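Got your viewer open and ready? Let's take a walk through this model, one selection at a time.

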Amino acid sequence: MVNLTVDGIKISVPEGSTILQAAKEVGVSIPTLCYHPDQAVKANCRVCVCEVEGNRLLQAACAMPVFEGMTVKTRTPKVLEARRTILELILANHPQDCLNCIRNGNCELQSLAEEFAIRDNPFENKVRGLPKDFSTPALFRDPDKCVLCRRCIEACSVIQSVNALGLEGRGVHSMVVPTLGKDLLESPCIMCGQCIHACPVGAIGENEQIDEFLAALADPNKIVVTQIAPAVRVAIAEEIGMTTGDMPMNVFVQGLRQIGFDYVLHTNFTADLTIMEEGNELLKRLKEGGTLPMFTSCSPGWINFCETFYPDLTNNLSTCKSPQQMFGSLVKTYWADKMGIDPANIYSVSIMPCVAKKFEAARPEMCSSGYRDVDLVLTTREIGRLFRMSGLDFNKLPGADFDPWMGKYTGAAVIFGASGGVMEAALRTVYEVVTGNTLEDVNFTVTRGITGIKEAEVDLNGTVVKVAIANGLANARKLMDQVRAGESPYHFIEIMACPGGCIGGGGQPITKANVKRVERIDAIYVEDEACEMRKSHINPEVTAIYEDFLHEPLGHKSHELLHTHYHNANKKFL
Amino acid sequence: MGYTDIIARYSDKPGGLIEAFHAVQKELSYLPEEVIVEAARIFNVPVAQAYGVASFYSMFSTKARGKNIIRICESAPCHVAGAAEVVAAIEAELGIKAGESTADGSFALELTECVGQCQATPVITINGKAYLDVNPAKIREILAEYK
């Protein structure tokens with residue numbers, strides 16, 4: 001342990017701690033901008049400078065390790081003045097249009113400007129005047145807003161191993177750019193949106209489509225139907241000032257009805273259906289010597305990654321569409337028929353924790369209903385804005401139920417929102433289908449949690465099935481390299497592109513640290529525990545759709561509506 | 001020799017990417033996009049990273065430029081000694097501005113940081129060769145060597 005004094009308070013901290021960490025221990029909060037709790041130290045913004053006795057120059061608290069007998073002062077006039085000047089200089093190169101910014105009210109730079117009472121900036125405002133990049137349907141970049149902290153680069157390279165973003169140039173001319181300085185669409189970007197969470201400001205954001213949604217609501221001919229992804233409920237509470245997981249599902253449904261959705265259904269229904277299709281696909285591959293290991297296919301960022309970096313392994317991907325797209329094709333066929341609604345009038349909106357879903361919905365092959373299956377994808381953040389715009393008081397809203405035919409779900413669908421959930425849900429069903437026995441304890445806890453790579457073995461009537469789960473694409477890459485080398489011991493691999501799974505998706509409330517992802521994961525399993533039904537194959541609406549419409553898993557209708565194919569992304573450079 | 005072979009000569013050296021870029025640039029005068037992509041493949045690094053290296057060093061150009069590269073120091077000692085007049089003289093002689101190349105592709109004019117010859121300012125370099133104590137009157141003669 002190392003003894004030091006921070007603002008006159010004596011403290012002992014482990015060797016190797018930084019000033020920032022030590023100060024936090026005694027309740028001294030040092031402002032930061034480039035610092036990210038889950039990333040390497042960058043020390044490029046200098047906002048966290050402090051006085052260290054014996055040092056002539058101010059030291060960056062995020063980078064400076066403590067030493068025995070150190071005396072740190074974090075709030076002297078000299079320090080405060082330096083921090084203000086640093087902020088003024090950063091702001092001098094930053095657009096001043098906070099009111100129109102996608103991060104207005106949720107921006108680390110804006111908060112610092114407020115905390116430091118920055119009023120009249122003595123430095124002239126000079127922005128670079130660079131064009132915005134709207135090349136992808138999922139996210140945009142506004143390079144003028146970039147503060148060069150490089151957190152997005154670390155998210156893209158270290159966490160996701162995608163390397164779509166890098167640094168160009170040097171010194172005052174340096175910029176964060178997609179590969180070769182081109183637009184994002186040409187880069188290897190897989191549209192996971194983890195850069196959005198990493199960005200402290202509004203330099204990267206989702207392709208916001210609130211206007212399109214409001215236009216659809218205003219169109220009297222459109223019947224606006226929605227589906228909610230499993231990871232959304234646990235996080236939407238954060239958007240409206242509630243605690244993670246605290247939004248009751250029926251109140252959420254009522255809120256959606258209040259903002260104008262004509263019908264509220266649930267992606268969880270097709271998550272259960274996915275288990276029926278994907279579980280049977282796995283059993284078929286095991287039985288008939290199909291391509292193994294089979295990879296899950298729910299995560300569109302992961303699909304983009306596989307098509308971009310491992311096009312030779314796309315045959316390993318389950319042919320199942322994601323639950324969003326299964327839902328999309330069924331809502332304009334099966335559901336329209338059940339409800340007696342002309343599918344031409346249905347405007348299908350999905351509410352997703354994801355920005356890659358915006359890209360997935362726009363894939364040309366996702367039109368198997370005869371229409372575009374999912375017309376619009378709104379992220380959790382966009383729904384949060386719509387809720388705030390509508391002035392809803394969720395403490396006073398009465399509950400409401402889902403509409404029929406595609407709104408019932410089991411706990412197995414709920415856990416699709418967290419890393420390991422698809423695997424656990426599949427195991428709950430596959431075990432019972434294969435063994436004919438009732439699974440007494442449905443909890444496969446070994447598959448749970450935010451750990452990068454998890455593995456498990458399940459005995460199915462004497463056949464040992466080996467499974468692996470990865471979240472975050474740098475972890476997925478390790479499993480993929482094994483498969484490519486022919487050394488993978490697994491039969492079934494679940495991949496979710498985002499750290500922690502969909503609860504940490506690129507469309508979720510801005511997530512400043514992994515601890516928040518863990519809270520959401522916990523909330524997912526609380527919801528699963530509370531479900532009466534926890535196995536996909538006992539969902540009565542799933543039984544009904546097979547009786548009335550699909551007839552059997554992997555059957556002709558399923559093939560037509562619920563399964564898809566993959567492409568080589570053919571990126572020119574990786 | 002194609003650029004792939006040039007790059008491959010350095011593939012086993014630590015930090016060989018920079019040397020490979022220098023070698024290719026000696027032939028092509030700049031680093032075309034396909035060279036950066038190929039170098040990334042050979043050195044097994046992401047293209048974004050290879051591009052970061054190529055764009056970081058002012059010695060490298062990722063844009064096409066003239067064959068003979070004139071660089072003039074814009075650091076303080078040269079500035080005080082009259083670098084601006086030298087720049088103006090070169091610009092007048094070649095009919096281009098700093099940062100541009102001549103239409104016939106023979107010259108590129110670039111500004112650079114200190115080249116370490118402050119004892120004899122202003123300094124220009126052409127293809128790496130330093131010319132000391134330069135003044136506007138000397139420009140025509142110096143450039144004639146390369147015409």
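Start by selecting strand S5 (residues 70-73) of chain A, where the side chains alternate. Met70(A) and Val72(A) point to one face and are buried, while Thr71(A) and Lys73(A) point to the other and are not. Here "buried" means that 20 or more other C-beta atoms, placed from the backbone, lie within 10 Å of a residue's own; exposed means 12 or fewer, and partly exposed is in between. Strands (E, at least two residues) and helices (H or I, at least four) are DSSP runs, numbered from the N terminus.

A quick note before moving on: this is a predicted model, in which local features need pLDDT of at least 70 and side-chain atom pairs count only at pLDDT 80 or more, while totals for chains, interfaces and linings use all residues. Residues are numbered from 1 along each chain as its sequence is written, and chains are lettered from A and ligands numbered from 1 in the order in which they are written.

**Neighbours of S5(A)**

Now add strand S1 (residues 2-6) of chain A, which pairs with S5(A) in the parallel sense over three bridges. (Two strands pair if DSSP finds at least two bridges between them.) Look for Leu4(A), opposite Met70(A). Next, show strand S3 (residues 49-52) of chain A: S3(A) runs antiparallel to S5(A), joined by two bridges. Val52(A) has Val72(A) as its bridge partner.

**A hairpin in chain A**

Jump to strands S15 (residues 453-460) and S16 (residues 463-471) of chain A, which are antiparallel and joined by eight bridges. Glu455(A) sits opposite Ala468(A). Two residues lie between the strands of this hairpin, and Asn461(A) takes a positive phi near 50 degrees.

**A helix in chain B**

Over to helix H6 (residues 83-94) of chain B. Its twelve residues, at 1.5 Å each, should span 16 Å, and the end C-alpha atoms are indeed 16 Å apart; the expected span is 1.5 Å times one less than the number of residues. Which residues of H6(B) are buried? Colour Ala83(B), Val86(B), Val87(B), Ile90(B) and Leu94(B). Looking down the axis of H6(B), you'll find these buried residues within an arc of 100 degrees, so they line one face of the helix; the arc is that of the directions from the helix axis to the C-beta atoms. An α-helix has 3.6 residues a turn, so residues three or four places apart point the same way. Just after H6(B), stop at Gly95(B), with its positive phi of about 70 degrees.

**Where the chains meet**

Finally, show both chains: twelve residues of chain A are in contact (C-beta atoms, placed from the backbone, within 7 Å) with eleven residues of chain B.

How values were computed: Two residues are in contact if their C-beta atoms, placed from the backbone, lie within 7 Å.
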